[in-house]
Amino acid sequence: MSYVDAVDTEHWAGIGALAFAAFALGLPFQRPGLFLVALVGVGFAAYARFGDAPAADLTVDRDLSETSPAPDSEVTVTVTVENTGSATLPDLRLIDGVPPGLSVTEGTARLGTALRPGKRATFSYTVTATRGSHEWEPLTAVVRNASGSRERTVEVDSGTTLRCLPTLEASSDLPLRGLTTPYSGRVATDVAGSGLEFHSTREYRRGDPLSRVDWNRYARSGELSTVSFREERAATVVLLIDSREAAYRAPDEETPNAVERSVDAAGEAFSALLSTGDRVGIASYGPEACWLAPATGERHRATARRLLADHPAFSVSPSEEPFYPSIALRRLRRRLPADAQIVLFSPVTDDYIATVAERLDAYGHQLTLISPDPTVDDAAPHRLARLERDTRLRRLRSHGIRVIDWGERPLAVELARATRRWSR
Amino acid sequence: MTEITREPSRFGIAVAAGFALLSVATTAVVATAGGAISGLGLVVLLAGLAVASRRLITNGGGILLLGALYVGYTGAPPLLVLVGALTGVLAWDAASNAVSVGEQLGKETDTMRGEVVHVVSSVLVGSLAVAVGYAVYLAAAGGQPIASVFLLVVGAVALVNALR
């Protein structure tokens, strides 16, 4: 608990003037009524001067209806404040420190009341849970004396945390590019071998499996030939999330920012890739470094779920740490396996991240960009930002990078559209 | 976060308007001109509540009290003057408190309990001042009422200064 010295509120400023005016008017005209009015003024002036704002001793107890809810579920917060001091608090104004990442959807996180010693006041409000670990800030209590002439602000701490893990639901398959590992999987490669999709035919060689001999052709011409299919292999994918300050952009206050959407999309992609047997890792490109090496398995999924929920790199507001782009890029390249593809999640709000994407693609990590669109076209500067972003995306596409411009529709819809375009 | 509306609470507006109306009624009974001045004060006070401006509210309260002072100057019965002035002060107090509550907690928040306590304690203090003053005035009615009330005011000022 921290105390601040009481300050004057100037609530009764001017009451002395009433006393003075009434007295001054009453004196020459000899009116008892005016003297009595002056007495009322003096009485209130004395009342304003009487007593300081009490030093409040409060304890706060927050009760969440659910401490680890699913994203977007409603959590009722019940706050109980008890006056544990010996002073009566005639005018107590409570403002709860709702975490910046949560929004109050019903009721207000405030209360105006009066509390005698040992008594409690309770108020409740509803917040909508969002991904991440949210810690409540201290409750602010403004205490006034009875007349309201003095005011003191007290902050009362009570550690309350709400942890909200993303569900990692796979909504749609993420189309991958051709870079693969030697292990079998589901990415069709240009390598001839066994598989499903036709690749080529060639002359029969000793040792070729009988099931792949083209018997129809043998019947027609008497020549033995072997059919080859495209080999299907697994890929190693690193989901790279742009968490620089420039990526924290949102069209308005209500809509989640681009990093939030990126993290959601990365969660979906992670789950989808893991279930198709690919090795998936997670990395951040921002002031707070985060690295989860590509792997498979249920334990890996649990690790990723926790990481996406409350790693400081993916918090809902930008990190205050300084960011050294070239060091971060060098460290990322050292860590990336040589056969790793990259799926970059970035709103591409500046030129720099576009050059990073080009460089990573040029180093041989085939890159797919999923770009949540934070732009709006309501005013000239916003429209300009949208045009600039469009130009950047076009340039990346011309470099052979696959780009998904993710607008307001669900990611699955955009993915389906993009997949149709790419397979043509 | 759902934005709170930083406007005076409904309860505060109702109490302030009630006291101001009472003040206007009391002054109008004695002198129409005083009632007119107080009426103007009421309008300014309500305007101040509508735009949540403490400056307008202070001006409105001042005009209300000016009406009461004018009535006192015309030589009205002291009790009516006292009630007019007291309700004027209470209206100003309630309005000003409603604005500060609105600024800090917003219109949607439950602020009833805190505001009721504030209004009730103001009413008690004001009534005490009126009761003491009027009692002294009545007690001295046979002799020198003006001198006694004059001395009472001087004594009260001296006491307040000593308390400082």
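Let's start with A:Arg334, which is exposed, with a relative accessible area of 65%. Exposed here means over 50%, so 65% puts A:Arg334 in that class. Keep in mind, everyone, that we are looking at a predicted model.

Where along the chain does A:Arg334 sit? You'll find A:Arg334 in helix H6 of chain A, which covers residues 325-335. And which residues join A:Arg334 in a patch of positive charge? The patch is on the surface, and its members are A:Arg330, A:Arg331, A:Arg334 and A:Arg335.

Staying with chain A, let's go back along the sequence. The UniProt record, an unreviewed entry, gives residues 57-158 the annotation "domain: DUF11". What does the chain look like there? Over residues 57-158 of chain A we have 63% strand and 0% helix, and the C-alpha atoms at the two ends are 13 Å apart.

Now please turn to chain B. How many helices and strands does chain B have? The count is six helices and zero strands, so if you read chain B from the N terminus, the elements go α-α-α-α-α-α.

UniProt, again in an unreviewed entry, lists "transmembrane region" for residues 20-49, 56-73, 116-140 and 146-163 of chain B. Let's look at two of these. Residues 56-73 of chain B are 100% helix, with end C-alpha atoms 25 Å apart. Residues 116-140 of chain B are 96% helix, and there the end C-alpha atoms lie 36 Å apart.

Finally, the whole of chain B. Its C-alpha atoms fill a box of roughly 65 × 40 × 20 Å along the principal axes, and 49% of the 164 residues of chain B count as buried. Thanks for listening!

Definitions and conventions:
Residues are numbered from 1 along each chain as its sequence is written. Chains are lettered from A and ligands numbered from 1 in the order in which they are written. This is a predicted model: local features need pLDDT of at least 70, side-chain atom pairs count only at pLDDT 80 or more; totals for chains, interfaces and linings use all residues. Side-chain values use heavy atoms; hydrogens and water are left out. UniProt positions are given in the numbering used here, feature names are shortened, and annotations may be inferred rather than shown by experiment. Helices (H or I, at least four residues) and strands (E, at least two) are DSSP runs, numbered from the N terminus. Patches are made of residues with over 30% relative accessible area and no salt bridge: like charges are joined within 9 Å, nonpolar side chains (Val, Leu, Ile, Met, Phe, Trp, Tyr) within 5 Å. Accessible areas come from the Shrake-Rupley method with a 1.4 Å probe; for residues, only the protein chains shown count as cover. A salt bridge is a side-chain nitrogen of Lys or Arg within 4 Å of a carboxyl oxygen of Asp or Glu. Lys and Arg count as positive and Asp and Glu as negative; His and the chain ends are not counted. The place of a charge is taken as NZ of Lys, CZ of Arg, CG of Asp or CD of Glu. Buried means under 20% relative accessible area, exposed over 50%, partly exposed in between (1.4 Å probe, protein chains only).
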